[in-house]
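User: I am new to this structure. Please walk me through the terms and what earns each one.

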Amino acid sequence: MQSFDVVIVGGGMVGLALACGLSGSGMRIAIIENSPPHHQFDPQQTPSLRVSAINAASQKLLDHLGVWQTIVQKRVGSYQHMEVWQQDSFGHIEFDAQDHYLPGLGHIIENSIMRGSLWQQAQSSTDITLFTESRLKKVAWGENEVFMTFDNEQMLTARLVVGADGAKSWLREKADIPLSFWDYEHTALIATIRTELPHIHTARQSFHSDSILAFLPLHDPYLCSIVWSMPAMQAHRRLDLEVSAFEKELSVALDMRLGFCQLISERQIFPLIGQYARNFAGQRIALIGDAAHTIHPLAGQGVNLGFMDVAELIGQLRRLNSAGKDIGQYLYLQSYERKRKYSAVMMLAGMQGLRQLFEGHNPIKKMIRDVGLLLTNKVPGIKPKLLSYALGSHDMPEWLAKVTTNSSEIV
């Protein structure tokens with residue numbers, strides 16, 4: 001039987017970030033992940049479909065973890081501008097990094113690149129053990145430690161177990177933590193697109209009465225990743241469309257702002273469901289990332305919310321351990337739970353409200369949307385506040401805000 005201080009169930013981006021952030025703290029860390037990344041990065045390959053918009057707060061965390069330079073050396077798209085508009089209306093809002101004396105507004109990065117870089121970092125750490133060959137079969141919570149059994153009967157113990165195993169978290173289920181959830185009644189269609197006109201480092205989002213279309217700029221000036229959120233029936237129809245018909249609908253949906261859009265990848269769809277765990281922590285357990293919450297992708301904040309879970313938990317666990325406290329005591333973990341649950345619920349409520357506001361053909365709602373976007377774009381003081389939220393400045397733990405890095409120089 002092997003004993004650890006922290007066992008992280010799930011080796012995705014968020015779980016790996018937590019492990020790397022705890023490395024060097026004097027704690028023994030383990031990650032349990034049955035599907036490790038196997039493929040080396042190939043710059044000649046078409047970008048993978050799953051990408052994330054990384055804000056300044058998450059960039060700062062990744063830089064602190066020592067993986068940002070590795071990620072940048074592989075393949076990163078950056079954006080200095082953002083355009084949001086409502087189709088067939090005068091309502092729009094624009095953000096420009098230079099107007100706010102910023103080097104950029106964010107980065108679009110393939111999930112596989114981030115995960116691969118974090119995995120390499122974890123592999124090279126002497127105080128992180130990776131378990132990839134066996135599946136967890138049982139978990140039992142004792143008074144002073146958690147007992148875990150693999151399907152090959154190998155056993156581990158931990159002072160704290162962390163659920164980073166996604167929206168359908170096995171660990172959360174075994175801990176009997178209930179969920180609050182709702183169906184957004186939307187399905188996301190994702191694909192990689194080559195555009196006729198360059199994206200000029202601009203992230204674009206178009207609101208329609210029944211859908212939301214986002215074009216996210218990749219490393220190549222003519223490549224974008226799209227996330228098209230729409231009712232399930234529409235998503236399935238567009239998934240099955242002939243390529244030429246799909247390209248025509250997509251180009252028109254973006255008002256031809258990037259000219260003709262050419263599909264250069266497969267199309268994938270997945271249903272959008274909002275959820276959050278009733279408890280983000282308990283006795284000897286904590287949840288992070290999608291295991292704790294999932295939100296609508298319209299603001300691109302899902303993984304950023306997860307990375308700030310990580311940042312908060314890193315700070316809490318390092319402080320507790322250095323003070324000789326029991327890191328698995330719920331009494332101490334409540335501070336993490338309180339802060340991160342507040343952030344998640346506020347973000348969930350905000351996304352739900354925004355989605356409902358932009359939904360439907362009601363002319364009164366449409367006028368409210370138009371005027372609201374116009375005022376937001378013109379009235380002084382509003383855009384800087386929104387930008388602060390988009391950059392994640394409001395959500396950073398105090399310790400991370402104080403960290404000095406060189407990442408701000410990278411655009």
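**Buried charges and their partners**

Analyst: Arg284 is buried, because its relative accessible area is 1% and buried means under 20% (exposed is over 50%, partly exposed in between; 1.4 Å probe, protein chains only). This is a predicted model, in which local features need pLDDT of at least 70 and side-chain atom pairs count only at pLDDT 80 or more, while totals for chains, interfaces and linings use all residues. Residues are numbered from 1 along each chain as its sequence is written, and side-chain values use heavy atoms, with hydrogens and water left out.

User: What makes the contact of Arg284 and Asp326 a salt bridge?

Analyst: A salt bridge is a side-chain nitrogen of Lys or Arg within 4 Å of a carboxyl oxygen of Asp or Glu. The Arg284 and Asp326 side chains meet at 2.6 Å, N to O. The rule is met. Arg284 sits in the loop between strand E18 (281-282) and strand E19 (285-287), and Asp326 in the loop between helix H8 (302-322) and helix H9 (330-357), so the pair ties together parts 42 residues apart in sequence. Helices (H or I, at least four residues) and strands (E, at least two) are DSSP runs, numbered from the N terminus.

User: Is Asp326 called buried or partly exposed, and why?

Analyst: Partly exposed, because its relative accessibility is 21%.

User: How do you know that Arg204 and Glu83 form a salt bridge?

Analyst: Their closest N and O atoms are 3.8 Å apart. That is within the 4 Å limit. Arg204 lies in strand E13 (residues 202-207) and Glu83 in strand E5 (residues 81-86), 121 residues apart. Arg204 counts as buried, because its relative accessibility is 7%.

User: What links helix H9 to helix H8?

Analyst: Lys339 in helix H9 and Glu312 in helix H8, 27 residues apart, make one such link. The closest N and O atoms of this salt bridge are 3.7 Å apart. Glu312 is buried, because its relative accessible area is 8%. Lys339 counts as partly exposed, because its relative accessibility is 42%.

User: How many salt bridges are there by this rule?

Analyst: The count comes to 14. Asp5, Arg28 and Arg159 are linked in a network of them. Side chains of opposite charge can pair when their charged atoms come close.

User: What makes E3 and E4 edge strands?

Analyst: Two strands pair if DSSP finds at least two bridges between them. The open sheet has three strands in the order E3-E7-E4, with antiparallel pairing. Strand E3 (51-54) and strand E4 (77-79) each pair on one side only. Neighbouring strands of this sheet are turned by 20 degrees against each other on average, direction ignored.

User: How do you know that E4 and E7 pair?

Analyst: E4 and strand E7 (residues 106-110) share three bridges, in the antiparallel sense. That satisfies the rule of at least two. One bridge partner in E7 is Ile108, matched with Gly77.

User: What lies across E3 and E7?

Analyst: Helix H4 (residues 111-123) does, running at about 80 degrees to E7. Axes are lines fitted to C-alpha atoms, for helices over the stretch in contact, and angles run from 0 to 180 degrees between N-to-C directions.

User: What does the whole protein look like?

Analyst: Its secondary structure comes to twelve helices and 20 strands. Buried residues make up 52% of the 411 residues. Contact means heavy atoms within 4.5 Å. Among contacts between residues at least 6 apart in sequence, 74% join residues at least 24 apart.
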